Amino acid sequence: MNRQAVDLLGPISERYHSHRPTVAPPATPAVPSPPAPREGALRVLVIENDARAAETLIKSLLRQGYAAQGVSTGAHALHAHHDADLVLLDLDLPDLDGLEVCRTIRTVSDTPVIAVTARNSELDRVLGLQAGADDYLAKPYGFRELLARMEAVMRRVRAQPSAAQVIHHGPLRIDADARLATLDGKPVDLTRKEFDLLHLLASRPGAVVPRRQIMAQVWGDTWSPHGRTVDTHVGTLRNKLGSSTWVITVRGVGFRLGHPGGTRSANSE
């Protein structure tokens, strides 16, 4: 084809291509987002070490109308469970044993706990229920079964009278809902951490609370068991309560709630 023919065909070719319909690429179907939880929806805390499993479960719960959120460590769980109506607890966590997390939650709260875990022996189930779990579900499980167990647990909880949120210990009164501590009827000016520490000790009268548990539950830190943070707050708490015997230090273990005028044990500082 000579140059003249190419020049003649050029405009025709351009006109032809300019009028060809443009075919759009096929649209990628949009993935619908889970609906926002309705007001007053049941708040579910998912404590799960496996990020993918947690994401799948949370999305499924959101689609069912629950207000679900997740954490992946025991330390975060001990902070977040206070805002939950129901806890789904994996026992295999990276920082704390799930059974200990369950015991701690049960010590300070009546929030129902369902253990959802790969531990599937009879002994595992017995230990989980003895640690305070309200139900036990082994992986793999069906989502509809999980929903049925959640509903059954909540029916039992709603049928029970609510537990008192006020702790009395001699002249000391601790109101968890109002976050108010009074001594002989007078308010004690406590910081948030001081109140959480006092409430934790008061919720286990007579028991020694280990330093690691205090660090995990009050400060969300399981990696600094030898820091002076706890000691500093204990000292301030004693001063504000007006007596060093309100909080007893048990060497090498932790702390327990005492009483003014009480006698220190031989193992205490």
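Modeller: Ala, Val, Leu, Ile, Met, Phe, Trp, Tyr, Cys and Pro count as nonpolar, Asp, Glu, Lys and Arg as charged, and the others, Gly among them, as polar. This is a predicted model, where local features need pLDDT of at least 70, side-chain atom pairs count only at pLDDT 80 or more, and totals for chains, interfaces and linings use all residues. Residues are numbered from 1 along each chain as its sequence is written, and side-chain values use heavy atoms, with hydrogens and water left out.

Biologist: How do the residues lining the largest cavity divide into nonpolar, polar and charged?

Modeller: A cavity is a set of points on a 1 Å grid over the protein atoms alone where a 1.4 Å probe fits but cannot get out, and lining residues have an atom within 4 Å of a point. Glu-48, Leu-88 and Tyr-141 are among the lining residues. The lining divides into seven nonpolar, no polar and two charged.

Biologist: Which residue meets Arg-43 in a salt bridge?

Modeller: A salt bridge puts a side-chain nitrogen of Lys or Arg within 4 Å of a carboxyl oxygen of Asp or Glu. Here the N to O distance is 2.9 Å, and the partner of Arg-43 is Asp-85.

Biologist: How many residues apart are Asp-85 and Arg-43?

Modeller: Asp-85 sits in the loop between α3 (74-80) and β3, and Arg-43 in strand β1. The pair links distant parts of the chain, and the separation is 42 residues.

Biologist: Which residues are joined with Asp-90 into one network?

Modeller: The network arises from salt bridges that share partners. Asp-90 is joined with Glu-48 and Lys-139.

Key
On a 1 Å grid over the protein atoms alone, a cavity is a set of points where a 1.4 Å probe fits but cannot get out, and a pocket is an open set with protein on both sides within 12 Å along at least five of seven lines; lining residues have an atom within 4 Å of a point. Helices (H or I, at least four residues) and strands (E, at least two) are DSSP runs, numbered from the N terminus.
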